[in-house]
Amino acid sequence: MAKKRPQAFEYVEPIGPRVLVRKDEPKRETKGGIALPDAAEIPTITGRIVTISAMVEQDDEMPLRQYDKILFHPKDAIPVDFESDNQLFVVPVEDVVAVFRRNDPSEDAS
């Protein structure tokens, strides 16, 4: 009998107060055109939320939604060996330090 290959995973769902983030490519050059060495990595990085946990989704106080661009601290981010370029990380919500918005949500309330 031929052995079946294990099926590849297609979906990662974070559990608890966590989000799955695709890390942005690190900037190699400043806006002024100065090339940055690889060692000049800033400890806080940006990324886009791919998936949020059910706990985060149900929390009305948590302003995180799928596809939000966020700024996060990578110290407790867990890399997910899901893609060859390994740009996915499970990030605790307490390590998300900012969400980028096109408009101020407080302006919508008035």
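**Fold, core and salt bridges of the predicted model**

From the N terminus on, the elements of the protein chain run β-β-α-β-β-β-β-α. The chain thus holds two helices and six strands. The model is predicted. Of the 110 residues, 26% count as buried. The chain exposes about 8,700 Å², and carbon and sulfur atoms supply 53% of that area. Among contacts between residues at least 6 apart in sequence, 65% join residues at least 24 apart.

The six strands form an open sheet. Their order is 4-5-1-2-3-6, and the pairing is antiparallel. Strand 4 (78-79) and strand 6 (96-100) stand at the edges. Each has a single partner strand, so one side of each is left without a neighbour in the sheet. Inside the sheet, strand 2 (residues 45-52) pairs with strand 3 (residues 69-72) in the antiparallel sense. Four bridges make up this pairing. Within it, I45 stands opposite F72 of strand 3.

Nonpolar packing comes next. In soluble globular proteins, nonpolar side chains tend to be buried together. The largest nonpolar core of the model has 14 residues. V19, V21, I49, L64, I70, F72 and V91 touch the most other members. Strand 1, strand 2, strand 3 and strand 5 (88-92) each supply at least two residues of this core. The largest share, three residues, comes from strand 2. The contacts of L64 were listed without residues up to four places away in sequence. On that basis L64 touches V19, I49, I52, V56, I70, V93, V96 and V99. A second, separate core has five residues, among them V12, V80, L88 and V90.

Two further buried residues were examined. T51 is found in strand 2. T51 has a relative accessible area of 8%, so this residue counts as buried. Leaving aside neighbours within four places in sequence, T51 is in contact with Y11, V12, P14, V19 and L20. T51 and P14 are 37 residues apart along the chain. Their C-alpha atoms are separated by 7.4 Å. V12, one of the contacts of T51, also belongs to the second core. V19, another of these contacts, is a member of the largest core.

Q87 lies in the loop between strand 4 and strand 5. At 13% relative accessibility, Q87 counts as buried, because the cut-off for that class is under 20%. With neighbours within four places in sequence left aside, Q87 is in contact with V21, R22, K23, D24 and E25. Of these contacts, V21 is a member of the largest core. D24, also in contact with Q87, takes part in a salt bridge with K69.

Charged pairs were then searched for. Side chains of opposite charge can pair when their charged atoms come close. A search of the whole structure finds two salt bridges. In one, the side chains of K69 and D24 meet at 3.2 Å, N to O. This pair links distant parts of the chain, 45 residues apart. K69 is in strand 3, and D24 is in the loop between strand 1 (18-23) and strand 2. K69 counts as partly exposed, at 28% relative accessibility. D24 also counts as partly exposed, at 25%.

In the other salt bridge, the side chains of R101 and D68 meet at 3.0 Å, N to O. This pair, too, links distant parts of the chain, with the two positions 33 residues apart in numbering. R101 is in the loop between strand 6 and helix 2 (105-109). D68 is in the loop between helix 1 and strand 3. The two partners fall into separate accessibility classes: R101 is partly exposed at 40%, whereas D68 is buried at 10%.

The loop between helix 1 (54-58) and strand 3 also holds Y67. Y67 has a positive phi of about 75 degrees although it is not a glycine. The relative accessible area of Y67 is 54%, so Y67 counts as exposed. In this loop, then, Y67 is exposed and D68 is buried.

How values were computed:
Residues are numbered from 1 along each chain as its sequence is written. This is a predicted model: local features need pLDDT of at least 70, side-chain atom pairs count only at pLDDT 80 or more; totals for chains, interfaces and linings use all residues. Side-chain values use heavy atoms; hydrogens and water are left out. Two strands pair if DSSP finds at least two bridges between them. Buried means under 20% relative accessible area, exposed over 50%, partly exposed in between (1.4 Å probe, protein chains only). A salt bridge is a side-chain nitrogen of Lys or Arg within 4 Å of a carboxyl oxygen of Asp or Glu. A nonpolar core is a set of buried Ala, Val, Leu, Ile, Met, Phe, Trp, Tyr and Cys residues joined through side-chain atoms within 4.5 Å. Contact means heavy atoms within 4.5 Å. Accessible areas come from the Shrake-Rupley method with a 1.4 Å probe; for residues, only the protein chains shown count as cover.
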